[in-house]
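Student: Please take one close look at a single part of this model: the protein surface near the DNA. Keep it brisk, and set the scene before you go into detail.

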There are 2 protein chains.
Amino acid sequence: MQSKARIKDIAEHSGVSPATVSRALNGSSLVAEPTLSRIRETARRLGYRPNVNARNLRTQRSMSVLMLVRDVGNPFYLEVFKGIEAAARDAGYVVLMGNTENDAEREAEYFNMLDDGRADGMILMTGTLPAPERLVSAASEQSVVVALEMIENSTFPHVIIDNERAAAEAVEHLISLGHRRIAHIAGPLPEEMSTRRLAGYRRAMQAAGLDMPAELVRTGDFSLKSGELQGQLLFEQSEPPTAIFAANDEMAFGAIQAMAARGLTVPEDVSVVGFDDLSLSKAFQPPLTTVSQPRIEIGRTAMLRLLDLIEQGETSQAVTVLGTELIIRGTTAPPRHN
Amino acid sequence: MQSKARIKDIAEHSGVSPATVSRALNGSSLVAEPTLSRIRETARRLGYRPNVNARNLRTQRSMSVLMLVRDVGNPFYLEVFKGIEAAARDAGYVVLMGNTENDAEREAEYFNMLDDGRADGMILMTGTLPAPERLVSAASEQSVVVALEMIENSTFPHVIIDNERAAAEAVEHLISLGHRRIAHIAGPLPEEMSTRRLAGYRRAMQAAGLDMPAELVRTGDFSLKSGELQGQLLFEQSEPPTAIFAANDEMAFGAIQAMAARGLTVPEDVSVVGFDDLSLSKAFQPPLTTVSQPRIEIGRTAMLRLLDLIEQGETSQAVTVLGTELIIRGTTAPPRHN
DNA sequence: GTGAAAGCGCTAACAG
DNA sequence: CTGTTAGCGCTTTCAC
């Protein structure tokens, strides 16, 4: 096996010009049969692989996309990645992973990679746009699809769920069980996702004519630890809640941990609803009642939209809203003293 | 702002040759001061970004690495990714994500990407090597670091933990609590990782002179579901175990789920130990006793080794064994009837 | 310290 | 259907 056969080598070995080899290998219909298979055969024999950088330089494409998240460590993203990766592969693209850790500069850097020619487009899951002065080209000129988090005033296609509605449904479930003193542990505000889930909580509470004293609405940061802390604070109050709606599963787990530490049981003493339906949530004891989102589908759809954008310059759907489902499991029950 | 300033544009704007611009921007010491800052200034003003594909073609490097796993959906990888991403970024590399789903063809394809010039090296976490006949160049000629799973008879640097020893320690813990009928739910055999953990179980049992009847050693596939199934089977026996060592946390959760379904409590009726220490494991009720591995560190170290390989052609350490720790939490206790 | 020239490997006009 | 030619944007000899 040669070390790195080039198109030129194949051309010589099969007695044609490089152009013909290129055409043959790229499935151009303009190559005659005997030539075609001869070329293919030599390519195979020589272990030929097109040099991606040369091709990219020439075609001004990279056949790769970037997926950008705030925190790779968040288990929530896993299946979204999976959906993206599968759709990308099917279309012949590779996937670059970017992690911003909420750092605006990093985020800008990744945006600028689109100008470098390193990626043809990006799936943005950070919920934010870098400041224009940090960017080489206007963000709006890039092929970007926003997933999971809505970015207001942007013209990018979005693939999202209706966070407000889903949150309201979760709270309505608690209300229908008879709970009246329902707390909410929100995600980091004023992030869009957290804001919408909070709004859903408020909407449902209001519709039922229930009180929402400030001490029942707490803010966490989606981490286990913050759920634990806020759960703790919630039960140090004179009049603790009988139910909690946490803005994600991890905080729900944290809150349950805090309650266990105080000798409270779920759902007997307190009901808890989460959001996300992590793969482990059903294995929790008791299994967590939570809002399930179609994560793989979100990833897949976002990637398909991005392909439209890259290949057609536009996409059919500006905003795609995927459905959620409240999964009622073991952490919710009627309140004790009803 | 121009659309896509090239090095030539900067050269014209600052009255020098492209060569000088290239030198200036790449920090070559051969550029005189006045020229240097003039060039830098115009580059900034024009929003210049070097075209990555052109540079890659010229330098025959891609400044990107590939990380390959069996299943992106596995929460175990998250922090390993994080460690890899951070170390890669620091060194100016970007990270491509590859998912094989145990498909040998896909795995070979990713290997071949190293020949394409798409990535300069790879962190292999699948525990397997593609068949040589599928590969364009011999695998051994590539810059590859194996992480998490040992590949026997390969010359690649490895970054691993001592699975056998860690498993033995977990089982010793159960033995020291007084358990004698200890079951093991293994991962998929004959994968290296599963095999080593099983060996650790056997070693500890043997050392304590305990029986290992075949019905106490079951094989799962690391999934929640398989843990549930095997846990179920374990308790349908006439003489069920008093303790279970599961080869990963997910299967431990599954087993606990199965026991809960039969009205058994952990750790009162049965003790359970897992392996991995997923971020959610401490929030489980009761919190899971498990073996913790330094996942971020594994990722980071693997990336550093890979950089050695790419940049120096060799690395100091052939095999790096990172330490594990048995975290004793709430799922283990002395057996009921001792 | 700077410039001219070549070429990385590929694809896409344009001719024929 | 096939070959010739040019050039993507960059870095790097080699001269001066």
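**The surface near the DNA**

Tutor: Chain A can be laid on chain B by a turn of 180° and a shift of 0.0 Å along the axis, with an RMSD of 0.1 Å. This is therefore the relation of a two-fold axis. The C-alpha of chain A nearest the axis belongs to L96(A), at 2.2 Å from it. One surface serves both copies: 100% of the contact residues of chain A recur in chain B. Keep in mind that this is a predicted model. Every distance below is computed from it.

Now DNA strand C. There are 25 residues around DNA strand C. The ones that come nearest are I7(A), Y48(A), R58(A), R23(B) and T35(B). Both chains appear in that list. Of the strand C atoms within 4 Å of the protein, 66% belong to sugar and phosphate.

Three polar contacts give the detail on chain B. S17(B) uses its backbone: an N or O atom there lies 2.8 Å from a phosphate oxygen of DNA strand C. T35(B) uses its side chain, with a polar atom 2.7 Å from a phosphate oxygen of strand C. R23(B) goes to a base: a polar side-chain atom lies 2.4 Å from a base oxygen of strand C. Helices α2 and α4 of chain A, along with α2 and α4 of chain B, each give two or more residues to the surface near this strand. The largest share is that of α4(A), with four residues. By class, the surface near strand C divides into 11 nonpolar, eight polar and six charged residues.

Next, DNA strand D. Here 26 residues lie around the strand. Those that come nearest are T20(A), T35(A), I7(B), Y48(B) and R58(B). Sugar and phosphate make up 62% of the strand D atoms that come within 4 Å of the protein.

Again, take the polar contacts one by one. On chain A, an N or O atom in the side chain of R23(A) is 2.8 Å from a base nitrogen of DNA strand D. On chain B, R55(B) places a polar side-chain atom 2.9 Å from a phosphate oxygen of strand D. N51(B) works through its backbone, where a polar atom is 3.2 Å from a phosphate oxygen of strand D. The elements that each supply at least two residues near strand D are α2 (18-25) and α4 (52-59) of chain A, together with α2 and α4 (52-59) of chain B. Of these, α4(B) gives the most, with four residues. The classes near strand D are 11 nonpolar, nine polar and six charged.

Last, look at how α2 is set against α3 within chain B. The axes of α2(B), residues 18-25, and α3(B), residues 33-46, come within 9 Å and cross at roughly 90°. The two helices are therefore roughly perpendicular to each other. From α2(B), the contact takes in T20(B), V21(B), A24(B) and L25(B). From α3(B), it takes in T35(B), L36(B), I39(B), R40(B) and A43(B). These residues divide into six nonpolar, two polar and one charged. T35(B) has a part in both stories: it meets α2(B) in this contact, and its side chain has a polar atom 2.7 Å from a phosphate oxygen of strand C.

Conventions. Residues numbered from 1 in each chain as written. Chains lettered and ligands numbered in written order. Predicted model: local features only at pLDDT ≥ 70, side-chain atom pairs only at ≥ 80, totals over all residues. Heavy atoms only, no water. Axes fitted to C-alpha atoms, helices over the stretch in contact; angles between N-to-C directions. Parallel < 35°, antiparallel > 145°, perpendicular 65-115°, else oblique. Contact = heavy atoms within 4.5 Å. Nonpolar A, V, L, I, M, F, W, Y, C, P; charged D, E, K, R; others polar. Near = heavy atom within 4 Å. Polar contact = N/O pair within 3.5 Å; in protein donor to acceptor, adjacent residues only side chain to side chain. Least-squares fit on C-alpha atoms with pLDDT ≥ 70 in both.
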